[in-house]
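Biologist: I should like to learn how to read the features of a structure such as this one. Might we begin with a sheet and then turn to the charged pairs?

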Amino acid sequence: MTIQEAMKERHMVRKYLEKPIPPNVAHQLRARLAEDNQASGLCLTLVADSNDGLGPMAKLISKKVNNYIILAGPDTPALDEALGYWGADAMLFAQTLGLNSWWVGGMFNAKGTARHLTGTGLRVNGVIAVGYGATQGVPHKSKAPSDVSSYEGATPQWFQNGVSALLLAPTALNKQAYHVRGKGSKVTLTCDSGHFAGIDLGIGKYHFEVGAGKDSFEWADAL
C-alpha cells in the first residue's frame, strides 16, 4: 500500500483487537519515526504494550489501545505545525503496514508520555494510537472542495488533486477549517481551528503535498 492509498483507506479507529504489533512491523514503524525525527528535529516515539499516554476521557471512549506514538519535539513556535506534518507521515505509514490509528489531541496524558522520553526542553502535543482495529472505521463527513479552496484562473489538475487529499485529512472536531488558495505555482494554506490550528495546518500541508505532488507547486506566505 502506498501513502496515497493509505490516505483513502485510513479512518479514525478507537476500538482495537487484543493483538500485539509483531516485532518486524514495530521495527519498520520505528525506523520510519527515526527518519522523520532526523529530517525534522522532532522526537516522535513509539510506545508498545501501554496506554499510559491516554488521558481518562480517551480511555473511556476507546477500547484496547495498547500502543501509541508520542508527538513531541523542542518547544518552539513552529512545533505544532511540525508535529502535524510529520505525525501525518507516521500515521499514514502505519496504515501502509496494516495498522489502524486514532489521532488523540486534547485527551492525551502528558505525565504518562514523559516517562518514555529522554532529553530536555521537549513539549508533547498529542499522541497517535496505533494497532489492529476491531473495525476499519468509517469516512468522516467532508466539505466540498469549493468550500475550502480557490484558484486564480483555470484550476490545474494538481491543485484539484491536492484539495481532494486535503479533505481526507483528520482535523480537530472534524472542522476542516482550511482554506487553500492557488495562483500559478504558488499555494497558501490557512487553518482556523483554535488551539489545534498548528497541528491541523501541518496535517493539511502534508496531505496536500501528497495529493498535488511536491514538485507541482511551492508554498507561499501570501498571494
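Modeller: Let us begin with the sheet, bearing in mind that the model is predicted. Four strands form an open sheet in the order β5-β6-β7-β8, and their pairing is mixed.

Biologist: Which strands are the edge strands?

Modeller: An edge strand pairs on one side only; here these are β5 (149-152) and β8 (218-219).

Biologist: How many bridges join β6 to β7, and how do these strands run?

Modeller: Strands β6 (residues 178-183) and β7 (residues 186-191) run antiparallel and are joined by six bridges. As one instance, Arg-181 has Thr-188 in β7 as its bridge partner.

Biologist: Which strands does helix α7 touch?

Modeller: Helix α7 (residues 157-166) packs on the sheet and touches β5, β6 and β7, its direction making about 170° with that of β6. Helix α8 (residues 197-212) lies across β6, β7 and β8, at about 145° to β7.

Biologist: How many helices and strands are there in the protein?

Modeller: The protein has eight helices and eight strands.

Biologist: What does the radius of gyration say about the protein?

Modeller: A compact globule of 223 residues would have a radius of gyration near 17 Å, and the value for the protein, 17 Å, agrees with this. Along the principal axes, the C-alpha trace spans about 50 × 40 × 30 Å. Of the 223 residues, 50% count as buried.

Biologist: Let us turn to the charged pairs. How many salt bridges does the structure hold?

Modeller: It holds eight salt bridges. In one of them, the side chains of Arg-32 and Asp-89 meet at 2.8 Å, N to O. Arg-32 belongs to helix α2 (residues 23-40) and Asp-89 to helix α4 (residues 79-96), so that distant parts of the chain, 57 residues apart, are linked.

Biologist: Are Arg-32 and Asp-89 buried or exposed?

Modeller: Both Arg-32 and Asp-89 are buried.

Biologist: Where do Arg-123 and Asp-75 lie?

Modeller: Their side chains also meet in a salt bridge, at 2.8 Å, N to O. Arg-123 lies in strand β4 (residues 122-131) and Asp-75 in the loop between β2 (67-74) and α4, so the pair ties together parts 48 residues apart in sequence. Arg-123 is partly exposed, with a relative accessible area of 25%.

Biologist: Which salt bridge links β5 with β6?

Modeller: The side chains of Glu-152 and Lys-183 meet in a salt bridge at 3.9 Å, N to O. Glu-152 is in strand β5 and Lys-183 in strand β6, 31 residues apart. Glu-152 counts as exposed because its relative accessibility is 52%, whereas Lys-183, at 43%, is partly exposed.

Conventions. Residues numbered from 1 in each chain as written. Predicted model: local features only at pLDDT ≥ 70, side-chain atom pairs only at ≥ 80, totals over all residues. Heavy atoms only, no water. Pairing = 2+ DSSP bridges. Helix = DSSP H or I, 4+ residues; strand = E, 2+ residues; numbered from the N terminus. Contact = heavy atoms within 4.5 Å. Axes fitted to C-alpha atoms, helices over the stretch in contact; angles between N-to-C directions. Rg over C-alpha atoms; globule rule 2.2 N^0.38 Å. Buried < 20%, exposed > 50% of the residue type's maximum accessible area, 1.4 Å probe, protein only. Salt bridge = Lys/Arg side-chain N within 4 Å of Asp/Glu carboxyl O.
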